[in-house]
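This report concerns the strand pairing, the nonpolar core and the aromatic contacts of one protein. Please read it alongside the sequence and coordinates.

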Amino acid sequence: MIPGPLRRALIACVPAVLAAPWLHASEHEVALQVTGRVKSGSIRLTLADLKKLPQHSFVTNTPWTREPHMYAGPLLRDVLVLAGADLSATTIRAVALNDYQISIPLSDALSYPVIVAHQRDGKPMPVRDRGPLFIIYPFDSDAALNSTRFYQRAIWQLKSIQVD
């Protein structure tokens, strides 16, 4: 049992925690920063910016879910073009909210319909459910994508991309 004063202090913190930006992505807050080989050197994109791009969706199984889900968002290549990325670069380094990083060949974005998903099954993805942004491949659409190599390149809770 938590003592009364501590319990009251914890309860008083609940509204602040529920309002935390990492729990509920706002349309107009920075959702993704793109740096490196981009025209301006760095650009900050909001969820509203990402939603203005053509939206794509696919249903796929993943190693992290028990059943297939529909993911929706702009193509990664469209996000890179919006950011003014140099498409002759060789890799992008994607970084998650917890600072997990993965290098992804830029050719993946140009060769496959990889999306920066902001929805799963028609709903926004909260941080606790791999959101608000998730670079995901259509694993079920091509046998070559259904491998550990491509699973490792999928990154959830995406916060930034560096074009190298």
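The following paragraphs treat confidence, strands, core and rings in turn.

**Basis and confidence**

The structure is a predicted model, in which local features need pLDDT of at least 70 and side-chain atom pairs count only at pLDDT 80 or more, while totals for chains, interfaces and linings use all residues. Residues are numbered from 1 along each chain as its sequence is written, and side-chain values use heavy atoms, with hydrogens and water left out. The average pLDDT (the predictor's confidence in each residue, from 0 to 100) is 89 for the protein, and 84% of the residues score at least 70. Over residues 13-24 pLDDT stays under 50, and the model has eight contacts beyond four places in sequence for this segment. Contact means heavy atoms within 4.5 Å.

**Strand pairing**

Helices (H or I, at least four residues) and strands (E, at least two) are DSSP runs numbered from the N terminus; two strands pair if DSSP finds at least two bridges between them. The table lists four pairings.

| Strands | Sense | Bridges | Facing residues |
|---|---|---|---|
| E5 (residues 91-96) and E6 (residues 101-105) | antiparallel | five bridges | Arginine 93 opposite serine 103 |
| E5 and E12 (residues 158-163) | antiparallel | five bridges | Isoleucine 92 opposite valine 163 |
| E1 (residues 30-36) and E12 | parallel | four bridges | Threonine 35 opposite glutamine 162 |
| E4 (residues 69-74) and E8 (residues 119-120) | antiparallel | two bridges | Tyrosine 71 opposite arginine 120 |

Glutamine 162 in E12 also stands opposite arginine 93. The hairpin of E5 and E6 has four residues between the strands, and aspartate 99 there takes a positive phi near 70°.

Strands E3, E4, E8 and E9 form, in that order, an open sheet with antiparallel pairing. E3 (55-60) and E9 (123-124) stand at its edges with a single partner strand each, so one side of each is left without a neighbour in the sheet.

**Nonpolar core**

A nonpolar core is a set of buried Ala, Val, Leu, Ile, Met, Phe, Trp, Tyr and Cys residues joined through side-chain atoms within 4.5 Å. Buried means under 20% relative accessible area, exposed over 50%, and partly exposed in between (1.4 Å probe, protein chains only). The largest nonpolar core has 42 residues, of which Leu76, Leu80, Ile135, Leu158, Ile161 and Val163 touch the most other members. Beyond its neighbours within four places in sequence, isoleucine 135 is in contact with residues including Leu76, Ala94, Ile104, Val114, Arg153, Leu158 and Ile161.

**Aromatic rings**

Rings of Phe, Tyr and Trp (its six-membered ring) pair if their centres lie within 6.5 Å; planes under 30 degrees apart count as stacked, over 60 as edge-to-face and the rest as tilted. The structure holds 10 aromatic pairs. In one of them, tryptophan 64 and phenylalanine 139 meet edge-to-face, at 6.2 Å centre to centre and 65° between the planes. Tryptophan 64 lies in the loop between E3 and E4, and phenylalanine 139 in the loop between strand E10 (134-136) and helix H5 (148-151), so the pair ties together parts that are 75 residues apart in sequence. Tryptophan 64 is partly exposed at 27% relative accessibility, whereas phenylalanine 139 is buried at 1%.

Ring pairs link Trp64 and Phe139 into a cluster with Tyr71, Tyr112, Phe134, Tyr137, Phe150, Tyr151 and Trp156. A charge sits over a ring if NZ of Lys or CZ of Arg is within 6 Å of the ring centre and within 35 degrees of the ring normal. The charged end of arginine 130 sits over the ring of tryptophan 156, 4.8 Å from its centre. Likewise, the charged end of arginine 153 is placed over the ring of phenylalanine 150, 4.8 Å from its centre.
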